[in-house]
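This report describes selected features of the structure shown below. The headings separate the topics.

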Amino acid sequence: MLLASLLVASFVIFAAMYLAPGNPIAALSGGRSLPPSSIKVLEERYHLNEPFLVQYWYWLKNALHGNLGISITLRENVSTLIASRIWTTAGLVLYASVIILVVGIGLGVLSGLRHGALDTSTLVVTAVSAAIPAFVAAIVLILLFAVKLGWFPALGNGTSFLSNLQHLTLPAFALAVSSLAIVARVTRASVREESNREHVQTAVSRGIPTRQVIWRHILRNAAIPVTTISGITIASLIAVAAVVEVAFSLNGLGAFLVGSAQSKDLAVVQGISLVLVTAFVVVNVLVDILYAVLDPRVSLGSRAA
Amino acid sequence: MTGKRGLLGAAAGAAALVLVAAACGRSATPTTPSPGASSATAGLVTTSPPGTAPVDSVVWAVYRDVNSLDPIYAFDYPENTADSLMCESLLRQAPNGSIGPGVATLSTPSPTTLVFTIKPGVTFWNGDAVTADDVVYSLDRNTDPKLAGFYPAVFNRVSSIQATSSNQVTITLKQPDYWLPGELASIPGMVLEKSFVEQQGKNYGTPAGKIMCTGPYMFQSFKPGVGVTAIANPHYWNSAVKPLVKSILIKGISDVNTFTSGMLTGAVQGAYEFGIPTLDQLKSSPNVKVYDGPGWSTDAFIIDNLKGPLGDVRVRQALSLALDRQGIIDSVYKGAALMPRWQSNPGTFGYGTSVFDAAYNSSPVMTQNITKAKQLMQEAGAAGKTITIGMSSQLANIAAVAGAYQAAGQAIGLNVKLKSVSAQNYINFFIDPKARAGVDGFMTVNYGDYADPAALLSTFVLPPGSQNYDHYNNPKITSDLDEARGTADPNKRAALVSDAEKIAATDLPWIPNVQPTNLLVLNKNVTGAVASFAYMFAPWADNLGGTGSS
């Protein structure tokens, strides 16, 4: 499944990049008019003069041997370039995921179980924050916590684990804020729904301790839709991370992908896309496994509703 | 992504790049004011006051990551900023644009012979002495077709480059070329160590390799996404310069809001800027100081089709007269630009300055005059005709200036249609004749490689010029510039270039919009960077250091 996804994705992206207007040599030389002999050298070096399928085959053959090619703009191996940035993006997405899961599900469960002021305010706050795009959140967070209060750095990566954590805090919240709201709302709704089920009412009336009712009868059943929505939002974070990385000037894959696509640096775009597709597939597989753990009726390979 | 700064390089023969975007405001802090009130760049400063205290580290922002540290591939702000911090050219442009000795001194025994004598004691960072072989090798790399560098056209009057002794290099010319020294005081003249470059092979200047130059700051690391780190060179051959900053990180920050918060919070200590909508915010911050220096770039409307209505000089003049330039300066540049009199920015008067200043001051300022514009339109019988301007609505500054042209057209009865393309495709106007086919012209910010109005002018008025898209040819301008290129005396050369500029100012092969100034943005605790556009081509951090106040 993973291999098929990768193959299809790589072909589609390669074709899209090939068809998109623009010319990597122009991007490389900033449009300076190069003598024809120089252009020929560059075209041969990067196989730009070959037909589309030959170019793709060339790339695929190398990729299968673990060689992702050379960045045209940086003249450096794509795998090295990716390796130097992947941890920033992974850390950012992981950090944001933790925030989404802990805060989002926590808030959803609490407001699902308790009617009243907490529930109402959660509803209002999540309705607003669900509508905040990551780049707006980034601007507001920088203005408030970096410029005005000075609690967190405004940009860049850290140098040690702790300073990395400090540098990634604002970006992770910017990335998490709208997904967090959605996860909280779905969690709240499904907890509320399970609470009103007959078996739960029966369990309560039979005097089973509340704690046990909540854990065994409500949360376990509510977990399936929550897992689904969390999986989808976390997988989508990988793509949205680009926006946040640019806003905080982080050394991550997303920002690199944007820049490379603009300068038509094909090998880099392909390489990063493969990493992103892989991550996306892996997250989905993890979600599938979780389904099976949560609900024995689900067997691996088939998908829960 | 908000406020992304886009710049596009474009065609260049002897010079010139094109960037898309524009710029900013004015903080007159005249520490080294240009002499005399009659100077065309009066009120602008060429340097910030020298630093006095040591500083541990400085983060210097550029608008995107550096792509290469090999000077033959330097074509845009980030690469130029990094290269000129660390590497030195044969000759050197001073902050005021004048050209003097660099790694070598120049003598010209005959108009077609340039002899460069390497200064005694000039060494690379590793202590090796600079030899004539290194110089020849460095210059030859520019024209090696296998390397496909960006500057081969600079050497088109050169017949040979030879080492004539261990410390002497002789360049023989096919015909006199007094523009070549300017180029050799710029990126194409940077001196690298031959053995080091050969040993690095194709890794030279890439993130996988290292570089070897002679400057006051030496290369430490080049990590894509992190930046280029340079450290003070304790054994700098020029003992008059003592680099005060231990480590300078050149960091790509593409989002203007991120850059701004970086300056406000002290995460970034400096940058050269233009086109920042947040300039007022920066200027009002107690943490930031903004200097306004002479710029060498011109914001202009490139005319690429002389077969349409713009083929009539009266229509070009009418459009120029109807343009609200002060409005562009106020809204797009937030004050940091000058009203044009010529095609070129007066910041480029790097030689024959008094000749240039006098000629420039006797030329009229291009102020708005709708009545006269309408009259010219009537004489040309062009009312109701239509022109199309290429622009990109994604590039805010380009879009704003194109809008000003639409308003100007409306005021004089010329229909101006706008053709918008994506930001990434804007570059195609400069490089693809098919993209230009549908438009009468498009907007640019353009500069030459050294301080000479001819450096930019020649690219679009001379018949073989790399940016002469409409095959413009005015015999008088052509002969003036050809003669200037072969004229040794700087004042005579300036007079010839002035003459060409004066004709171009009324014949309008391009329509100059405004002349941007160069903005130096510094944290309040550091000072000493060059404030003029010279930073693009020569070391700019020799005097950078702490203010000593904190």
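## Chain A as a whole

Among the contacts in chain A that link residues at least 6 apart in sequence, 73% join residues at least 24 apart. The model under discussion is a predicted one. Chain A has 305 residues, and 41% of them are buried. Along the principal axes, the C-alpha atoms of chain A fill a box of roughly 85 × 50 × 35 Å.

The secondary structure of chain A consists of 12 helices and 0 strands. Read from the N terminus, the order of its elements is therefore α-α-α-α-α-α-α-α-α-α-α-α.

## An enclosed helix in chain A

Why is helix α11 of chain A described as largely enclosed by the rest of the structure? This helix spans residues 253–262, and 8 of its 10 residues are buried, so the rest of the structure largely encloses it. A residue is counted as buried if 20 or more other C-beta atoms lie within 10 Å of its own. The buried residues of α11(A) are L253(A), G254(A), A255(A), F256(A), L257(A), G259(A), S260(A) and A261(A).

Which elements cover these buried residues of α11(A)? The cover includes α5 (78–113), α10 (210–247) and α12 (266–294) of chain A. After α11(A) comes K264(A), which has a positive phi, near 55°.

## The sheet in chain B

Chain B contains an open sheet of 7 strands with mixed pairing, in the order β9-β10-β11-β2-β12-β20-β13. β9 and β13 (288–293) of chain B stand at the edges; each has a single partner strand, so one side of each is left without a neighbour in the sheet. From one strand to the next, the twist averages 20°. As a general rule, strands of a sheet pair through backbone hydrogen bonds, either parallel or antiparallel.

## The two edges of the sheet

At one edge, strand β9 (residues 217–223) of chain B pairs with strand β10 (residues 227–232) of chain B in the antiparallel sense, over 6 bridges. Within this pairing, F219(B) has A230(B) in β10(B) as its bridge partner. β9(B) and β10(B) form a hairpin with 3 residues between them, and in the turn G225(B) has a positive phi of about 90°.

At the other edge, β13(B) pairs with strand β20 (residues 518–523) of chain B, in the antiparallel sense and over 6 bridges. Here the bridge partner of Y291(B) in β20(B) is L520(B).

Notes
Residues numbered from 1 in each chain as written. Chains lettered and ligands numbered in written order. Predicted model: local features only at pLDDT ≥ 70, side-chain atom pairs only at ≥ 80, totals over all residues. Pairing = 2+ DSSP bridges. Helix = DSSP H or I, 4+ residues; strand = E, 2+ residues; numbered from the N terminus. Buried ≥ 20, exposed ≤ 12 C-beta atoms within 10 Å, placed from the backbone. Contact = placed C-beta atoms within 7 Å. Axes fitted to C-alpha atoms, helices over the stretch in contact; angles between N-to-C directions.
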